[in-house]
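The following exercises concern the structure shown below. Each consists of a task and a solution worked out in steps.

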Amino acid sequence: MVSLIVTLVVVVLIVLFLIAMYNSLVQLRNQVKNAWAQIDVQLKRRHDLIPNLVETAKGYMQHERGTLEAITEARSRAMGAGSVADASKTEGALTEALSKFMLVVENYPDLKANQNFLQVQEELTSTENKISFSRQNYNDQVLFFNNKIQMFPSNVVAGMFNFKQGEFFEIEAPAEREVPKVNFS
Amino acid sequence: MWELIRANKRHSIVLILLMAVVLLGLGYLIGSVFTANMKNGCAMYGGLWGIAIAGTIWFFLTVLSFSSGDQILLAASKAKRVNHDVHPQLFNVVQEMALASGLPMPKVYIIADPAPNAFATGRSPKTASVAITAGLLSKLNRDELQGVIAHEMSHILHRDILFVTVAGIMLGSIVLMSQVFLRGMFYSSLGSRRRYSGSSKGGGQAQILIMIIAIVAAILAPIFAQLLYFALSRKREYLADAGAARLTRYPAGLAAALEKISNDHSAQLACANKVTAPMYIANPLKKNKKAAKLSDLTSTHPPISERIKILRTMAGGASMKDYSKSFSQVTKNDSPLPAAAITDEIIGIRKPFDQPGKSSKQQKQMHQLGDLMRIVNGFVFLTCSCGLKLKVPPNYKGKTVTCPKCKKQLSLKKSI
């Protein structure tokens, strides 16, 4: 009788432990998914900002039609990107077009002093940062999740319920981590 | 990160329990003193009464601090909640750091004070708030502001904010009780000497002994509680610095901000005291030269010059491991970071967004400081489509303003 109770208690404890572990794995996996969604939100935000930027700059930059058109074009291509590989290529092109534009802005002191332009510029700088910080957070979350999946005892539960490791956004090497940045200063 | 948060929570609970023991012990002794004049047997019941009273005080203060501690602290520091339009850069930087740490966006407050400082408060990451003084905000460039906000975000991430609130309240109740008791003893002893001088009986010596113990305890308990509290809060400052370096991938940003704070000569922050001091990024209570030499035990923050040096020495990477390596190199001591914080992740340092060292001109800074103070004090800022910025005072009654440059009518409806 006593041994039966002891076995029962032990079994219940083990089941509770497994449930807790499973839940924490699910939570971590959701955090990874959420972090990935954040990157998309920020990329979309950048697309939304560009018409504003072009609109504000248009009046001041009559002679730079080419630069402005290049941005608009890069934006529409980035928005229409289908695959992940395609998206990362077109987003890169958009970043490049923007940094070219910002170099040209240096020649227009009136534009640089315009409050509305300064506002759009701040939003754009911040969005670029937000893109790189949400990528950074995504990688952090993937690291926690993968660690949990690989380490004992959570690896047992992860194996039982077929949790798959998350993929890093980019290689975790300092030199290759550098996201191309727009420098506005 | 989860291991670190768990370890932090454990340390906080241990400290809060220790402080509770101090508080209840003090209550017991004080209770014993007040009933020591009665029959000897009653002294013990008096002690229990003391515990009950101390526990009740603490319970109510804790309930208060849980339900609205952050609101009280923010109101006491005269912080005003702001939205994106008031200071887009601040709001954006907070958003950036919330994204980097994977936390929900905290509420953003500005304190209308020229002294440079910042703090974070709240019960949980979901209800957290970040507050920064107008003085600090106008001094920093983007990278430095990011460093400061990342430091505050790390406090939220590491669950330090709840700990500071609860421990601060606990310390406050201990100080309160011992103050009331000591003053009560002082005044009553003036009168009671005459009253009881003739009626000294057998229990007199025991009474005096209890009284002496209680007085000594009442003097020492707040000091002891403070030392406990400050010891942990100093460690948390280092940890938050390490967290800021890790979140921004740029330790030099926070270092430059701390340099600006330490080189500042404006008056001390108006709404800060010894209990709220540990939650600020740098000690808001300016010391005079003599006090600065006091031992490290009584300071709420590590020396700012040391924090700067550690951040500046981080060359290899921005991980917590790099920070603790740099800490040992600078101070020749063991790292204050808990073992759970140090993982094997490899994190590189990024390039600055702004040119380091490029700081805006003094005049521009003062201009910005003035603007911030105006916003917090209820001014409405409008930007006309011609690019001109209008500052409308809070006592302006009309519904529209005419732009002096392009004569366009601007509506005041879109106020903050």
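## Exercises on a predicted model

**Exercise 1. Locate B:K408 and determine whether it is buried, partly exposed or exposed.**

Solution. Residue B:K408 belongs to the loop that runs between β7 (400-402) and β8 (409-411) of chain B. The model is a predicted one. Counting the other C-beta atoms within 10 Å of B:K408 gives 13. Burial requires 20 or more such atoms, and exposure 12 or fewer. B:K408 is therefore partly exposed. When neighbours within four places in sequence are set aside, B:K408 makes contact with B:C384, B:S385 and B:C403. B:L228 lies 180 residues from B:K408 in sequence, and the C-alpha to C-alpha separation of the two is 62 Å.

**Exercise 2. Compare the span of helix α5 of chain B with its expected value, and establish how enclosed the helix is.**

Solution. Helix α5 of chain B comprises residues 142-157, 16 residues in total. From first C-alpha to last, the helix reaches 22 Å, close to the 22 Å expected at 1.5 Å a residue. As to its surroundings, 16 of the 16 residues of α5(B) are buried, so the helix is largely enclosed by the rest of the structure.

**Exercise 3. Examine the backbone at B:R159, B:R249 and the bond between A:F152 and A:P153.**

Solution. α5(B) is followed by B:R159, in the loop between α5 and α6 (160-196) of chain B. The phi of B:R159 is positive, near 65°, although the residue is not glycine. B:R159 has 17 C-beta neighbours inside 10 Å and therefore counts as partly exposed.

B:R249 likewise has a positive phi, near 60°, in a residue other than glycine. Its loop connects α7 (204-248) with α8 (251-262) of chain B. With 22 C-beta neighbours inside 10 Å, B:R249 counts as buried.

In chain A, the peptide bond joining A:F152 and A:P153 is cis, with omega about 0°. A:P153 is placed in the loop between α5 and α6 (154-160) of chain A.

**Exercise 4. Describe the contact of chain A with chain B, and state how α5(A) is oriented relative to α3(B).**

Solution. The contact takes 24 residues from chain A and 20 residues from chain B. On the side of chain A, the elements that give two or more residues are α1 (2-58), α5 (115-150) and α7 (174-177). The largest share, 15 residues, comes from α5(A). By class, this side of chain A has five nonpolar, 13 polar and six charged residues.

The axes of α5(A) and α3(B), residues 88-101, come within 8 Å and cross at roughly 10°. Angles under 35 degrees count as roughly parallel, and the two helices are therefore roughly parallel to each other. Residues of α5(A) in this contact include A:Q119, A:E122 and A:F133, while those of α3(B) include B:P88, B:Q95 and B:L99. The contact of α5(A) with α3(B) has four nonpolar, nine polar and four charged residues.

**Exercise 5. State the predictor's confidence in chain B and in the complex, and identify stretches of chain B with pLDDT below 50.**

Solution. Chain B averages a pLDDT of 79, and 85% of the residues score at least 70. Over residues 194-200 of chain B the pLDDT is below 50, and this stretch has zero contacts in the model beyond near neighbours in sequence. Residues 288-295 of chain B also stay under 50, with one contact beyond four places in sequence. For the complex, the predictor gives an ipTM of 0.78 and a pTM of 0.80.

Definitions and conventions:
Residues are numbered from 1 along each chain as its sequence is written. Chains are lettered from A and ligands numbered from 1 in the order in which they are written. This is a predicted model: local features need pLDDT of at least 70, side-chain atom pairs count only at pLDDT 80 or more; totals for chains, interfaces and linings use all residues. Helices (H or I, at least four residues) and strands (E, at least two) are DSSP runs, numbered from the N terminus. The expected span of a helix is 1.5 Å times one less than its number of residues. Two residues are in contact if their C-beta atoms, placed from the backbone, lie within 7 Å. Ala, Val, Leu, Ile, Met, Phe, Trp, Tyr, Cys and Pro count as nonpolar, Asp, Glu, Lys and Arg as charged, and the others, Gly among them, as polar. Axes are lines fitted to C-alpha atoms, for helices over the stretch in contact, and angles run from 0 to 180 degrees between N-to-C directions. Angles under 35 degrees count as roughly parallel, over 145 as roughly antiparallel, 65 to 115 as roughly perpendicular and the rest as oblique. pLDDT is the predictor's confidence in each residue, from 0 to 100.
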